[in-house]
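Hi,

Here is the structure I said I'd pass on. Have a look at it first, then read my notes underneath.

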Amino acid sequence: MLVALLGTGILFTFRLKFIQVTKIKSIFKEVFSKPEKETEDVGMSAFQSLSTAIAAQVGTGNLAGVATAIAAGGPGAIFWMWISGFFGMGTIFAEAVLAQTYNRSINGELVGGPAYYLRYGLKSKFLAGFFSISIIFALGFMGSMVQSNSIGLAVNNAFPIPKIVIGIIVAALAALILLGGVSRIASFTEKVVPFMAALYILGGIVVLAINYSEILPALKMIVWGAFNPRAATGGFIGATVKETLRYGVARGLFSNEAGMGSTPHAHAVAKVDHPVQQGYVSMLGVIVDTGIVCTITALVILTTGAFETGLTSSELTQEGFRLGFSNFGDFGLQFIAVALFFFAFSTIIGWYFFGELNIKYLFGKGGVKYYRALVLICIVVGTLLDVELVWALADMFNALMVIPNLIALVGLSALVVKAVNEFDSKKKNKSQNIS
């Protein structure tokens, strides 16, 4: 799976002539662009679509996943995480372009995603249905349980609130948003996602400012540890280069979700003039997720010395912030509890939306109310369960949805290249006419 995901990213990076580097200005320019031809279809702006995608991308993986990569593969795993993020930008660009190309307007509402480019682009009704079922279970049901479980654990550790109460509160808050449909989900993500990202980044910067003298040694450990993990940490973490590369690539790809088939649902409903515009916007999600949030987590863990404690997962990240804010009592633990709540809750909303689009594809609008009710039940139940089984089921359905998505990406790669060439040609002709 890792080879297939990374290989797809490398394929698009070369076929699109390193578009993540050559079009870096367009990535930021298109985020706030407005379409020249406004439609009455219910959809999202480019920024709202990006916020919804980031809501799904930036989650517990940015806290627990990064920590696990360091604990198992050493600091050098972060270097390979960056590499996977770089190539992942090529994959996510292609996903967004295809999602835009094959989106549909049904009863005045924009819909789209891998199911649509599998059916209408690849002409495979079977793979489209297979993908839809997989993502509904992976993200809508199992994913909601995993995220609510993370919220329950973190909040319960920081504050004396029973898990069942936490689950009911989270489900009630989610219901207020989900009942409002696409417009309320878009409104929520565009307001909350920038706030939660800024809050976490600010907290991380404060910790790094306190431990500023350890930043350069930490960066050295990351780069040196990518090729000689034992030497980088004095042999404290007994990882090999193979393990370091494996954990870094795995956590990077599963954190930014490039190639997973999830974020295209958000980019499909963006109201833009050309699919390539949303392709540029989609790459910013990887920059925020892997380039900024994951990096902040890694540097906090390394500069505070938390990586030497033997802890792993979210406990390691919590320890990093606890040590960073050690002069302020338990503030570090409470900070992570709040950050994790926002991260996991926004992921629930984003993943719900992706599942809803596939419910509509399979059953039409009539199936949405039943799907919504099941997701809310999963949120409450998730806070009470042993999460290991839920994680195992989520991983299985994640793998199942990746396979058809990658088949479509590779099979339709020529169309993505054609779309870029067409967009560049139109842009060139337009500038010549103006001049």
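Below is what turned up, starting with the ground rules.

This is a predicted model, so keep in mind that local features need pLDDT of at least 70 and side-chain atom pairs count only at pLDDT 80 or more, while totals for chains, interfaces and linings use all residues. Numbering runs from 1 along each chain as its sequence is written, and side-chain values use heavy atoms, with hydrogens and water left out.

First, the inside. The largest nonpolar core (buried Ala, Val, Leu, Ile, Met, Phe, Trp, Tyr and Cys residues joined through side-chain atoms within 4.5 Å) has 139 residues, and F93 and Y200 touch the most other members. Helix α17, residues 331-363, gives the most to this core, with 17 residues. (Helices are DSSP runs of H or I, at least four residues; strands are runs of E, at least two; both are numbered from the N terminus.) Beyond its neighbours within four places in sequence, F93 has contacts (heavy atoms within 4.5 Å) that include L16, I19, Y280, M283 and V420.

α17 deserves a closer look. Its 33 residues reach 47 Å from first C-alpha to last, close to the 48 Å expected at 1.5 Å a residue (that is 1.5 Å times one less than the number of residues). Because 25 of the 33 residues are buried, α17 is largely enclosed by the rest of the structure. Buried here means under 20% relative accessible area, exposed over 50%, and partly exposed in between (1.4 Å probe, protein chains only). Right after α17 comes G364, with a positive phi near 80 degrees.

Now the charges. A search of the whole structure finds six salt bridges, each a side-chain nitrogen of Lys or Arg within 4 Å of a carboxyl oxygen of Asp or Glu. One joins E109 to K360, with the closest N and O atoms 2.5 Å apart. E109 sits in strand β2 and K360 in α17, so this pair ties together parts 251 residues apart in sequence. Both E109 and K360 are buried. K360 also bridges to E356 at 3.2 Å, and these two are about one helical turn apart because they sit four residues from each other in α17. Shared partners join E109, E356, K360 and K365 into one network.

Another salt bridge pairs D424 with K23 (3.7 Å, N to O). That one links distant parts of the chain, 401 residues apart. D424 is partly exposed at 26% relative accessibility, and K23 is too, at 24%.

Cheers
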